[in-house]
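This report describes how two protein chains are built and how they meet. Please keep the sequence and the structure in view while reading.

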Protein chains: 2
Amino acid sequence: MNSFVGVGVGPGDPELMTLKAVRHIQSADVLAYLVNKEGHSQAKEIAKNFIEDQELLPILMPMADDSKVGDQVYDQASAQIQVLLDQDKKVAFLCEGDPLFYASFTYLLSRLEHNSTIVVPGISSPQSAACALQHPLTMLTESYCVITGRHDETFIEHALTKFDSIVIMKAGRARVKILTCLENTQRLDEAKYLEYIGRDNEYIQWDVKQLEKKAGPYFSMFVVTKATRPRV
Amino acid sequence: MNSFVGVGVGPGDPELMTLKAVRHIQSADVLAYLVNKEGHSQAKEIAKNFIEDQELLPILMPMADDSKVGDQVYDQASAQIQVLLDQDKKVAFLCEGDPLFYASFTYLLSRLEHNSTIVVPGISSPQSAACALQHPLTMLTESYCVITGRHDETFIEHALTKFDSIVIMKAGRARVKILTCLENTQRLDEAKYLEYIGRDNEYIQWDVKQLEKKAGPYFSMFVVTKATRPRV
């Protein structure tokens, strides 16, 4: 029964959890998840309908740019999880989105991979963006890339020039830079902008020229697709 | 009740269907899906536990390189689906993987989007590859792209040079070309190769230098990730 399970709970809508995610959450002895300093966990919130009497292990992750802070948190958390695994408990770590796609789970996995581990994929945020737009992310012969607002202008413009479909995640702080890159590569008209996808405060802007040239929230994204696409 | 629903059933394991996919399949009046000339549909096979008395609409898609053939099939199928929608029926189209990620659904969507439409995302094959490998697709600051074996050598080598993580889908026919590109960009040691992920005949090769230099099956993929990754 001892196993460490990374469970993707998807982007926000609890109905977008997989049957496998639900089974592993329900059968876990312990549910672990990151919390902010207010004690909130979006992943736990998504999974709440399937939480009954499992033991809970919240892991406080302070907001910090210093990677040493994260390092200590993951060291400490993996030590705690190891104790539970040694007691023959099944520990499920809940992650928003997909556990192997830009997710904190990967830092625990690298520390605990000598144990029996299982990874349950989840719907990722670019996929939920495409669904919110009801617009194909990629079609038959198109190329596709995912980058983040942290990349520099050269890299972003390069991706916008070479790739058909581009998702730019974590766009908030970098919004002004990204709008400039879209303009420089003549892709402003092909871009869509989304905030808080699938939540009550979801916001979609189909005409990104209307966006204010200032920073946006962390949970925001640009989706750029070709205006002219292969028709079959 | 009239609506056209694109339902992603995920990469193969029926447990990787979402709760939302199951609900829409169970509540549909009609289930549509592509079949090959033997009448087989992988998407229907994945969903079979949830098929009871829904009307079935198999759509024969011949294997053909001529895009006119596909064009006619989608025209014909969307006309049939329109008739059902006009009868106030709910039609769910089952797709392997995700309906908006390299999927045939997008060609029906473009023909039927004036109706009420819903899209239910599904786990895509790069995600199931990462789970099969138990290996992160992307970490914090990494860039990620998905290309196909149809791209030319210049583009593939360029992607391998500029991006941290690369998934090369539909690698079968192009296997020899891809191996050459991996060698030319010094990324042979960072590549993993997978066939038929999640099926009985799943095959994973962690050392792609062992692969025979000849074509592989259609359902095959290379996953390339950095050997040295950010540690947090």
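## Where the chains join

Strand 6 of chain A pairs with strand 6 (residues 144-148) of chain B in the antiparallel sense, over three bridges. Two strands are said to pair if DSSP finds at least two bridges between them; helices (H or I, at least four residues) and strands (E, at least two) are DSSP runs, numbered from the N terminus. At this junction A:Tyr144 has B:Val146 in strand 6 of chain B opposite to it.

This is a predicted model, in which local features need pLDDT of at least 70 and side-chain atom pairs count only at pLDDT 80 or more, while totals for chains, interfaces and linings use all residues. Residues are numbered from 1 along each chain as its sequence is written, and chains are lettered from A and ligands numbered from 1 in the order in which they are written.

## The sheet shared by both chains

Strands of a sheet pair through backbone hydrogen bonds, either parallel or antiparallel. Here an open sheet of 10 strands, with mixed pairing, follows the order 9(A)-8(A)-10(A)-7(A)-6(A)-6(B)-7(B)-10(B)-8(B)-9(B). Strand 9 (203-205) of chain A and strand 9 (203-205) of chain B stand at the edges; each has a single partner strand, so one side of each is left without a neighbour in the sheet. From one strand to the next, the twist averages 15°.

Within chain A, strand 6 and strand 7 (residues 165-169) pair in the parallel sense over five bridges. A:Ile147 has A:Ile168 as its bridge partner in strand 7 of chain A.

## The sheet within chain A

Five strands of chain A form an open sheet with parallel pairing, in the order 3-2-4-1-5. Strand 3 (55-60) and strand 5 of chain A are at the edges with a single partner strand each, so one side of each is left without a neighbour in the sheet. The twist from one strand to the next averages 20°.

Strand 2 (residues 30-35) and strand 4 (residues 90-95) of chain A run parallel and are joined by three bridges. A:Val30 is partnered by A:Val91 in strand 4 of chain A.

## Symmetry and contact surface

How are the two copies related? A turn of 180° and a shift of 0.0 Å along the axis lay chain A on chain B with an RMSD of 0.0 Å, copies being superposed by least squares on the C-alpha atoms of residues with pLDDT of at least 70 in both. That is the relation of a two-fold axis. The same surface serves both copies, as 100% of the contact residues of chain A recur in chain B.

The contact takes 41 residues from chain A and 41 residues from chain B; residues are in contact if their C-beta atoms, placed from the backbone, lie within 7 Å. Elements giving two or more residues to the chain A side include helix 1 (19-27), helix 3 (67-86) and helix 4 (105-112) of chain A. The residues of that side divide into 23 nonpolar, 12 polar and six charged (Ala, Val, Leu, Ile, Met, Phe, Trp, Tyr, Cys and Pro count as nonpolar, Asp, Glu, Lys and Arg as charged, and the others, Gly among them, as polar).

Definitions and conventions. Two residues are in contact if their C-beta atoms, placed from the backbone, lie within 7 Å. Axes are lines fitted to C-alpha atoms, for helices over the stretch in contact, and angles run from 0 to 180 degrees between N-to-C directions.
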